[in-house]
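Thanks for coming. I will take a few minutes to go through one protein model, and then we can discuss it.

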Amino acid sequence: VSRLVILHEEAEDGNAMPDLSRPVQAVSTAVTNLVKVGKETINSSDDALLKQDMPSALQRVEGASRLLEEASALLRSDPYSGPARKKLIEGSRGILQGTSSLLLCFDESEVRKIIRECKRVLDYLAVTEVIETMEDLVHFLKNLSPCLSKVSREVSAREKELTHQVHREILIRCLDQVKTLAPILICSMKIFIHIISQGGKGAEEAAENRNYLSGRMSDELNEIIRVLQLTTYDEEEWDADHLT
């Protein structure tokens with residue numbers, strides 16, 4: 001597409017447009033593959049927003065590809081055709097904008113998946129206060145561990161894709177905190193259970209410590225969710241994040 005735009009700019013000096021059959025065919029083939037993958041993604045996804053937003057982006061790319069094919073056909077018969085050049089530019093713009101929309105749509109869907117996993121962990125953390133037996137704790141760990149591992153894996157992968165260094169650093173820091181706090185929280189829950197099962201003193205302090213650690217983990221996860229949803233970037237935001 002970039003090559004087509006360059007050829008158009010070169011022809012604005014009054015030169016005849018060259019035969020665009022090959023580059024346009026290459027774009028059309030790429031668009032066909034992109035649309036195929038896009039439709040497969042829609043069919044296999046359970047994300048309602050993706051299913052709603054992606055079809056229009058696919059249609060835009062397909063329509064833009066047809067404009068390029070029409071422009072190519074017109075230019076073969078008249079290398080100086082004004083309408084053909086207009087179709088060429090509109091088609092090129094449509095391909096670029098439509099592809100960007102598709103990528104954004106898919107990316108936002110991936111972010112929503114990670115956020116769902118983060119919220120699942122938050123839901124588990126919310127019940128730490130009612131766990132009072134080792135049996136309950138074992139069941140709690142059995143549910144929490146795979147979710148926590150998935151969050152760790154997906155946030156780590158996402159962090160590597162980000163272009164804004166400050167956002168990457170926040171995700172790394174928060175994820176490290178979650179990994180550090182998790183075993184300490186479990187230990188505090190064991191201590192609380194041991195104290196109340198033995199009828200010993202210090203249950204209130206143990207509960208406060210457990211709740212504090214659970215709250216810290218929740219705060220870090222909520223910060224991860226906040227940063228994952230950031231899509232714009234400016235100096236003020238950078239300063240605010242940096243100060244935080």
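I will start with the overall fold, then go to the cores, a pocket and a few single residues.

First, keep in mind that this is a predicted model. The protein has eight helices and zero strands. Read from the N terminus, the order is therefore simply α-α-α-α-α-α-α-α, given how helices and strands are assigned. There are 244 residues, and 37% of them count as buried. The exposed surface comes to about 14100 Å², with carbon and sulfur atoms supplying 53% of that area. As for contacts, take those between residues at least 6 apart in sequence: 71% of them join residues at least 24 apart.

Now the interior. In general, nonpolar side chains tend to be buried together in soluble globular proteins. Here the largest nonpolar core has 38 residues. Which of its members touch the most other members? They are Val121, Met217, Leu221 and Ile224. The elements giving two or more residues to this core are α4 (82-125), α5 (134-161), α6 (165-198) and α7 (203-228). Of the contributors, α6 gives the most, with 14 residues. Apart from this core lies another one, of 21 residues, which includes Leu20, Leu75, Ala84 and Cys105.

Let me look at two members of the largest core. Valine 121 lies in helix α4. Is valine 121 buried or exposed? Its relative accessible area is 0%, and the cut-off for buried is under 20%, so valine 121 is buried. Leaving out residues up to four places away in sequence, valine 121 touches Leu144, Cys147, Leu148, Val151 and Leu221. There is also a distance to note, from valine 121 to lysine 150: the two are 29 residues apart in sequence, and their C-alpha atoms are 9.9 Å apart in space.

Methionine 217 is the other one. Setting aside its neighbours within four places in sequence, methionine 217 is in contact with Leu125, Leu148, Val178, Leu181, Ala182 and Leu185. Leu148 turns up in the contacts of valine 121 and in those of methionine 217.

Next, serine 65. This residue is found in helix α3, which covers residues 48-77. At a relative accessible area of 5%, serine 65 falls under the 20% limit and therefore counts as buried. What does serine 65 touch, not counting residues up to four places away in sequence? The answer is Ser28, Val31 and Ile95.

On to the cysteines. The number of disulfides in the model is zero. Two cysteines can be set side by side for their accessibility. Cysteine 174 has a relative accessible area of 0% and is buried. Cysteine 187 stands at 42%, and because partly exposed covers the range between 20% and 50%, cysteine 187 counts as partly exposed.

Last, a pocket. The second largest pocket has a volume of about 150 Å³. Its lining is made up of Phe106, Asp107, Glu110, Lys113, Ile114, Glu154, Ala157, Arg158 and Glu161. Both α4 and α5 supply at least two residues of that lining. Which helix gives the most to the lining of this pocket? That is α4, with five residues. So helix α4 comes up twice in this talk, because by the helix numbering used here α4 is among the elements that give two or more residues to the largest core, and α4 also gives the most to the lining of this pocket.

That is the end of my part, and I am happy to take questions.

Terms used: Residues numbered from 1 in each chain as written. Predicted model: local features only at pLDDT ≥ 70, side-chain atom pairs only at ≥ 80, totals over all residues. Heavy atoms only, no water. Helix = DSSP H or I, 4+ residues; strand = E, 2+ residues; numbered from the N terminus. Buried < 20%, exposed > 50% of the residue type's maximum accessible area, 1.4 Å probe, protein only. Contact = heavy atoms within 4.5 Å. Areas by Shrake-Rupley, 256 points an atom, 1.4 Å probe, with all protein chains shown as cover. Disulfide = S-S within 2.5 Å. Core = buried A, V, L, I, M, F, W, Y, C linked by side-chain atoms within 4.5 Å. 1 Å grid on protein atoms, 1.4 Å probe; cavity = no way out; pocket = protein on both sides within 12 Å on 5 of 7 lines; lining within 4 Å. Points joined across faces, edges and corners; volume = space filled by probe spheres on them.
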